Amino acid sequence: MGRITKITPEVYEAFKDPRNFFKFLRVFDKETNTLVPFQLREEQEVLLDALMKYNKIVVLKARQLGVSTLLRAYFLWKSYMATEPTRHAIISYTRDSADHLHNMDKGFYSSLPKALQRKLSKSSARTLQFDDTSAELRAFTAGGKGGATRSFSFTDTHISEFAFFDDQDDLLANVMASVGEGQIVIETTPNSPGDKYHELITASPDNGWHLCWFPWHEHKEYTKKSQFHQPQVPDPSEEELAIKEEFGLTLGQLYWRRTMINTMGIEKFRREFPGTIDEAFFSASNEFFPLDILNEMEVFDGGGGREVFYDEKMPGDRYAMGVDVAGGRGGDYSVISIVSCTTMNPVYIYRSNQVLPHELADKVYELYWEWDEPYTIIEQNGPGETVLYRMKEWKVKGLYRDAAGKDWRTRKENKIAIFDHFRDLICEGVITSVDRHLWSELRNIQITKGAPSAIGAHDDIVMATALALWGAKLKPVPNILQVKKTMIDAMIKSRKAKRIIKEGGFHKMIAGGKR
């Protein structure tokens, strides 16, 4: 069978039901690291039924249910089946998210058997267009601005990360005007109670929007073998038993819930794995970093000087450096933070509110060579220009550049990304020990207008460390297993030693003759 060049009546009839089309698609399986046939989960089946029936759909869900995967498969099917020029848009808050979603489109198209891969007239970083019909899938980045796509018209639209846009009303009005009677699907992680996304959900269906709501406890995979019967595991609390009764949970589901909360904290669990609609928008506090997790961290006093040493430089490791630059006039602090690309933990922090930008440049240059040329992100905003200028003047090579070759300039969307990455490392137990200054700043970070910031307090150490950790993510250490093992073993021994000394166990060890 030769390759299809256009939609024939036979193909159109065969794929009238999208489930028949989906049978030819393949998805990446994380467990096996292979492509496997796309098989719909229960939640995806429910969403697909809604997509075939309603034109305005808002999705509220727990994480990792395959909603984005289903939506991209569905919109590929719509463009594939179109018989005239149509434009099926993805609008996302960040460029990374838009690119990720569009890459799913291209991945699905590439997974089709060759005989079904109709000729494309365009295949670029943002567009797939079929040659015979000119129907296209196109990705847009609105960057938080509702009017960023005002000059375009769409047949239908998938809006991702809707809750994080600065002006949700403007964006939605613009899309509805562009789409007309076409289809609009909104999916996002909840952000702020009372925003437009929350309003759409609570007013459904009287407002003309159909709500697809998928709580975590209806997903079969969110369970694990209960350990409540084990001696070291506390029995379910009265609150947990009440939740078990309310949702009809098994002990396995209740135990899974406890382990997730222990990992990420109750605030983040409620937001990302809601059990009720109210819980999804629950906000007992505006703290960005969960206080229950921060309270469990090991906090040490690094002294009152400019420098705090967390760890020694380890042979074979690679480091990343983040630099937040202030004016040096006694207000905000200039901070240099260096992290290990292997352990993703801070190893060194420099902090001063009396050092001028050109003097800070000397310190950055000194540390750059001392720590074996770490990948370095210097915030360009304001006085950071001076430090960047000096680094370039001195031919420093390991400086951050984005895809367009530009320096790092902090905006709302990339600040959310780097702070969220920092938070994940803390919630997942990767970073468990910090000095008192960093710990204090972490506790002061609030969610304000959808973005993390410190109101009436400093966030300079958090910012520099978040930049460094982002650099470590962008430039991970080579996978040299023995080097990693040596470093991690050394880190564990160091932490054990600190704990023993702190608890007075050092003297007990000596008295007992242990070595």
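Two residues are in contact here when heavy atoms of theirs lie within 4.5 Å. Keep that in mind for the views below, which show a predicted model.

**View 1. Thr189 and the residues it touches.** Leaving aside residues up to four places away in sequence, Thr189 touches Ala163, Phe164 and Arg271. You'll find Thr189 in the loop between β9 (184–187) and α7 (196–203). Is Thr189 buried, exposed or something in between? Its relative accessible area is 31%, and buried means under 20% while exposed means over 50%, so Thr189 counts as partly exposed. Now look for Phe281: Thr189 and Phe281 are 92 residues apart in sequence, yet C-alpha to C-alpha they are 9.9 Å apart in space.

**View 2. An open sheet of five strands.** Which order do the strands take? Go across the sheet and you meet β12, β15, β14, β13 and β16, in that order. The pairing is mixed. At the edges sit β12 (307–309) and β16 (375–378), each pairing on one side only. From one strand to the next, the twist averages 10 degrees. As a bit of background, strands of a sheet pair through backbone hydrogen bonds, either parallel or antiparallel.

**View 3. Zooming in on β13 and its partner β16.** Strand β13 covers residues 319–324. How do β13 and β16 pair? They do so in the parallel sense, over four bridges. To get your bearings, find Met321, which stands opposite Thr376 in β16.

**View 4. A helix lying across the sheet strands.** Helix α17 is made of residues 460–474. Which strands does α17 lie across? They are β13, β14 (334–340), β15 (346–352) and β16. Compared with β13, the helix runs at about 145 degrees.

**View 5. The second largest pocket.** This pocket has a volume of about 240 Å³. Its lining is made up of 14 residues, and nearest the centre lie Tyr12, Trp77, Lys78, Met81 and Ala82. Which element gives the largest share of the lining? That's helix α4 (residues 67–81), with four residues. Sorted by class, the lining has seven nonpolar, four polar and three charged residues.

**View 6. Stepping back to the whole protein.** Zoom out and there are 19 helices and 19 strands. The protein has 515 residues, and 50% of them count as buried. How far along the sequence do contacts reach? Taking contacts between residues at least 6 apart in sequence, 71% join residues at least 24 apart.

Note on methods: Residues numbered from 1 in each chain as written. Predicted model: local features only at pLDDT ≥ 70, side-chain atom pairs only at ≥ 80, totals over all residues. Heavy atoms only, no water. Pairing = 2+ DSSP bridges. Helix = DSSP H or I, 4+ residues; strand = E, 2+ residues; numbered from the N terminus. Axes fitted to C-alpha atoms, helices over the stretch in contact; angles between N-to-C directions. 1 Å grid on protein atoms, 1.4 Å probe; cavity = no way out; pocket = protein on both sides within 12 Å on 5 of 7 lines; lining within 4 Å. Points joined across faces, edges and corners; volume = space filled by probe spheres on them. Nonpolar A, V, L, I, M, F, W, Y, C, P; charged D, E, K, R; others polar. Buried < 20%, exposed > 50% of the residue type's maximum accessible area, 1.4 Å probe, protein only.
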